[in-house]
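The exercises below concern the protein shown here. Each has a task and a solution in steps.

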Amino acid sequence: MVSINLNIEKATLTLNKHADYLSLHRSQLFASFVVFPLSIFLLVLYFYSPEGLVWTMPWVPSLGLDLSFRLDGLSFLFACLISGIGTLVQIYALAYLRDYPNRLKFHCYLTAFMLAMLGVVLSNNVLLLFVFWELTTITSYLLIGFNHENATSRKNALQSLLITGAGGLAMLAGLILLGYMAESYQLTAILEQQPRFAITHYLCHL
């Protein structure tokens, strides 16, 4: 009997150690969802300069699609808002969804949505901007329909997907036309030709 009791106590201690280990790693995992957007916020502050910063790498040259990002005054403002508010929302969600069984999925969806939004405001290629726009459409659909057991959540998520998806296709047509007129899909090149577009628009209405 003494031997059995000792074995039970050892098994209990082992289980408790494993539970503490899993609890610690789970806490670290959820803490990373707060640290990640906060790190982005600090990186944006660190790399920003009033002259602007452009980073470009070829992706699909045949389509004129480059991984091109631009950090200027306006994109800096929105990047700070997205990463800063994203950090606060993650902190709030950690407490609000503490007892929710699928909260890990929610934090993943929220992080993906935040990254897609950052892609939209930092893109220097209008086609890449469209790609990130569609990613925000998909991630917002997942967030709105997170409580998918609820019929209203599913309905609202589908409605959001259809509206933003249709709007994205209309935006794509406009971006392709803009790129064709500027002979470049780089946002910096398009902005440099803004006076020419204004003159063309004026002449067309004479």
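Helices (H or I, at least four residues) and strands (E, at least two) are DSSP runs, numbered from the N terminus. This is a predicted model, in which local features need pLDDT of at least 70 and side-chain atom pairs count only at pLDDT 80 or more, while totals for chains, interfaces and linings use all residues. Residues are numbered from 1 along each chain as its sequence is written, and side-chain values use heavy atoms, with hydrogens and water left out.

**Exercise 1. Describe the overall fold and surface.**

Step 1. Seven helices and two strands make up the secondary structure of the protein. Along the sequence they follow the pattern α-β-β-α-α-α-α-α-α.

Step 2. Burial is judged by relative accessible area: buried means under 20%, exposed over 50%, and partly exposed in between (1.4 Å probe, protein chains only). By this rule, 32% of the 206 residues count as buried.

Step 3. The protein exposes about 13,500 Å², and carbon and sulfur atoms supply 71% of that area. Accessible areas come from the Shrake-Rupley method with a 1.4 Å probe; for residues, only the protein chains shown count as cover.

Step 4. Contact means heavy atoms within 4.5 Å. Among contacts between residues at least 6 apart in sequence, 65% join residues at least 24 apart.

**Exercise 2. Identify the largest nonpolar core and the helices that supply it.**

Step 1. A nonpolar core is a set of buried Ala, Val, Leu, Ile, Met, Phe, Trp, Tyr and Cys residues joined through side-chain atoms within 4.5 Å. In soluble globular proteins, nonpolar side chains tend to be buried together.

Step 2. The largest such core has 10 residues: Ile40, Val44, Leu71, Phe76, Ala79, Cys80, Ile82, Met114, Leu118 and Leu122.

Step 3. At least two residues of this core come from each of helix H1 (2-47), helix H2 (73-96) and helix H3 (103-122). H2 gives the largest share, four residues.

Step 4. Take alanine 79 as an example. Not counting residues up to four places away in sequence, alanine 79 touches Val44, Leu118, Val121 and Leu122.

**Exercise 3. Find the salt bridge and describe the surroundings of its acidic partner.**

Step 1. A salt bridge is a side-chain nitrogen of Lys or Arg within 4 Å of a carboxyl oxygen of Asp or Glu. A search of the whole structure finds one.

Step 2. The partners are aspartate 72 and arginine 70, whose closest N and O atoms are 2.9 Å apart. Arginine 70 is partly exposed, at a relative accessible area of 22%.

Step 3. Aspartate 72 lies in the loop between strand S2 (65-71) and H2. The side chain of aspartate 72 also makes a polar contact of 2.7 Å with the side chain of serine 75. A polar contact is a pair of N or O atoms within 3.5 Å; within protein, one must be able to donate a hydrogen and the other to accept it, and residues adjacent in sequence count only if both atoms are side-chain atoms.

Step 4. Leaving aside neighbours within four places in sequence, aspartate 72 is in contact with Tyr48 and Gly52.

**Exercise 4. Compare two stacked aromatic pairs.**

Step 1. Rings of Phe, Tyr and Trp (its six-membered ring) pair if their centres lie within 6.5 Å; planes under 30 degrees apart count as stacked, over 60 as edge-to-face and the rest as tilted. The structure holds seven aromatic pairs.

Step 2. Tryptophan 55 and phenylalanine 69 are stacked, at 6.0 Å centre to centre with 20° between the planes. This pair links distant parts of the chain, with tryptophan 55 in strand S1 (residues 53-60) and phenylalanine 69 in strand S2, 14 residues apart. Tryptophan 55 is partly exposed at 47% relative accessibility, as is phenylalanine 69 at 24%.

Step 3. Tyrosine 92 and tyrosine 96 are also stacked, at 5.5 Å and 15°. They are separated by about one helical turn, because they are four residues apart in helix H2. Both tyrosines are exposed.

Step 4. Ring pairs also link Trp55, Phe69 and Phe132 into a cluster.

**Exercise 5. Locate glutamine 186 and list its contacts.**

Step 1. Glutamine 186 sits in the loop between helix H5 (151-182) and helix H6 (187-192). Glutamine 186 counts as buried because its relative accessibility is 15%.

Step 2. A polar contact of 3.0 Å joins the side chains of glutamine 186 and asparagine 125.

Step 3. Not counting residues up to four places away in sequence, glutamine 186 touches Thr56, Asp66, Ser68, Asn124 and Asn125.
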